[in-house]
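Visitor: Hey, can you walk me through this one? I'd like to begin with a helix and then look at some strands.
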Amino acid sequence: MEGRTAKHFKELTFFFIFLTLFLKPSYSYSQPGWLKEGDYAVYRFKHAYACNRSLVWGDSGWELMDLGEGYYRWEILKLEGNLATLKVTLSTGNGTKTVEVVINTETMDLVEDGKVWGKAWLWIDMTTLPAASNVNTAERNITLVASWLNETVKNPTVSRVHSMSKEGNLPLIKTGLGLIDLVVTVSANTNVTSLKLGNVIHGPVEGGIHLFWDYEAQCGLLVSGLYVDDILTQKFGVYYFEEMAKVGEVSYWMYLEDTNVDIGISKEGTDIVVLLKIYYPYILLGILAALLIITLVRSWRRTVV
Amino acid sequence: MKSLILLKWELASLFRLKVILPLTAFMFFTSQLGAGIGGSTSVGNNQELLSMFLARFLGWMGSDSVSGLYLALAFFSAILVSTCLASELESGILKFYVSLPTSRLKIFAIKFLAEFIMVFSIGLSAIYYLMFMKAPGDFLGLLAVSPFYVLQPCISLALATLFTFAVSMYFSVNSRRAWHASLYSLITLYSFYSVRQIAPGAQWFLPPYTFALGMSEMTSVLYTTLFSVLLICLSCYIFVRKLEVS
């Protein structure tokens, strides 16, 4: 009798386990879990370039004019379902301009009156977009920028989560908050080969200018890179930025200066492990030099006395 | 003649099964622990170019295996040098050596030379065994085609041994007890090995990998060699002038 009840209990528990599995709340759309109203991010750049449309220079070249340095900032004003209203600010030497755009947080489509007018990959969904860990990159059938110098940038390659220092032997990515090691890189080729920036001719670049940018691996927030999106191109008319990287760094046009999204680093506390990793050779050499000197001093004192 | 007898004594005290067997075993094991060389090059059907390329690859592989062999080098130089200097000082055998009618400089040089010959020859045999096994049929032909590349591991191993010996000599001469000396030199030499795990960007500028010639920075090889020569000179000075043997 007891054995039978125990068996029934077992069946019942299995039944409930299966029930809870099926009743698990399932979302009809997948937006990043950290997304909430009030989130913002600020990106700092050196020189923004707007297109001087009346002066098309050469066959595939474009003439651009300098707008000066400044920042690019977005903030989530309202979040309804998978539609978010963003307040986007661009500040340059020519002044500050603010627009409000509606973005689909799942597909990153910019929507207006029910129509899609562009893309802005301000963040990526870390659960779906990066490549599988056994391959290095995967080609994704998505549009990166709908309109950049009269062309559509699409079908980018998306890398898996990779370490800048360990796998690439590259310096860590600098942000206003601290250093970032694990990133996902999105890159795409364009057909634009040459540009005229003020009086300087840039190019011709063989195979077209290569756009790429990095997302940090915790939330999928954009951190650095050669980044453009349709808010920049279509709302502000900005197409190009000046290179900010110093010698030995990976090139970037803009970098993350500040955010309230929890990406694992903050302005208040720097990560001691990262600092140790960077300064480890110097610390090691210092300790060893101290050891050498201490033993020498001890032996000399002994022989003198 | 006198120094030859001293060298013979020193070698006789070193060449014992207790020393040789673990030394050989660890040298052969750790020679497999190189960082590994990747990449591929297509050279087509040009036979001469192919053999040059093979020789270069073989030389690089030998130099690279020094970075693994470094573990055994560090361990055995720390043990052997501290037994030959600090431990003999403790037990009083060094007093007998010093009382012989030879200069202290000669004694120091002979002790250094005997240990260097032993460690270097066994390490070299381990590396060349590894290289020979990669291309058993072509090894002698490759040596004839480009001796520079095939003999390159000799230089790397000599520099690596010089470095580990310099550090161990320094601590043996300066420490009061033998186990202090071997512990200090082990800590110093092994801590360089951890750089690869923690700061991989800096590994090519610091000892175990500077000796992988052809891949590391030439200036860092120079600095490391200069450092080891200076350290050996300093420990030689301390041994000859300052050390009280009682």
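Guide: Sure, and keep in mind that this is a predicted model. Let's begin with helix H1 of chain B, residues 2-14. At 1.5 Å a residue, its 13 residues should span 18 Å, and the end C-alpha atoms are 19 Å apart, which agrees.

Visitor: Okay, which residues of H1(B) are buried?
Guide: Those are Leu6(B), Leu7(B), Glu10(B) and Leu14(B). Looking down the axis of H1(B), you'd find its buried residues within an arc of 100 degrees, so they line one face of the helix.

Visitor: And which ones are exposed on the other side of H1(B)?
Guide: Over there, Leu4(B), Lys8(B) and Ala12(B) are exposed.

Visitor: What covers the buried residues of H1(B)?
Guide: The cover includes four helices of chain B: H2 (17-30), H3 (47-91), H4 (93-99) and H5 (104-134).

Visitor: Cool. Switching to chain A now: in what sense do strands S4 and S5 pair?
Guide: S4(A), residues 95-104, and S5(A), residues 109-112, pair in the antiparallel sense, over two bridges. Ile103(A) stands opposite Leu110(A) of S5(A) there.

Visitor: How many residues sit between the strands in that hairpin of S4(A) and S5(A)?
Guide: Four, and Met108(A) in this hairpin takes a positive phi near 60 degrees.

Visitor: What about S5(A) and S6(A), how many bridges do they have?
Guide: Four bridges, again in the antiparallel sense, with S6(A) covering residues 115-119. Across that pair, Asp109(A) stands opposite Lys119(A) in S6(A).

Visitor: And what's in the turn between S5(A) and S6(A)?
Guide: Their hairpin has two residues between the strands, and Asp113(A) in the turn has a positive phi of about 55 degrees.

Methods
Residues numbered from 1 in each chain as written. Chains lettered and ligands numbered in written order. Predicted model: local features only at pLDDT ≥ 70, side-chain atom pairs only at ≥ 80, totals over all residues. Heavy atoms only, no water. Expected span 1.5 Å × (residues − 1). Buried < 20%, exposed > 50% of the residue type's maximum accessible area, 1.4 Å probe, protein only. Arc of directions from axis to C-beta. Contact = heavy atoms within 4.5 Å. Pairing = 2+ DSSP bridges.
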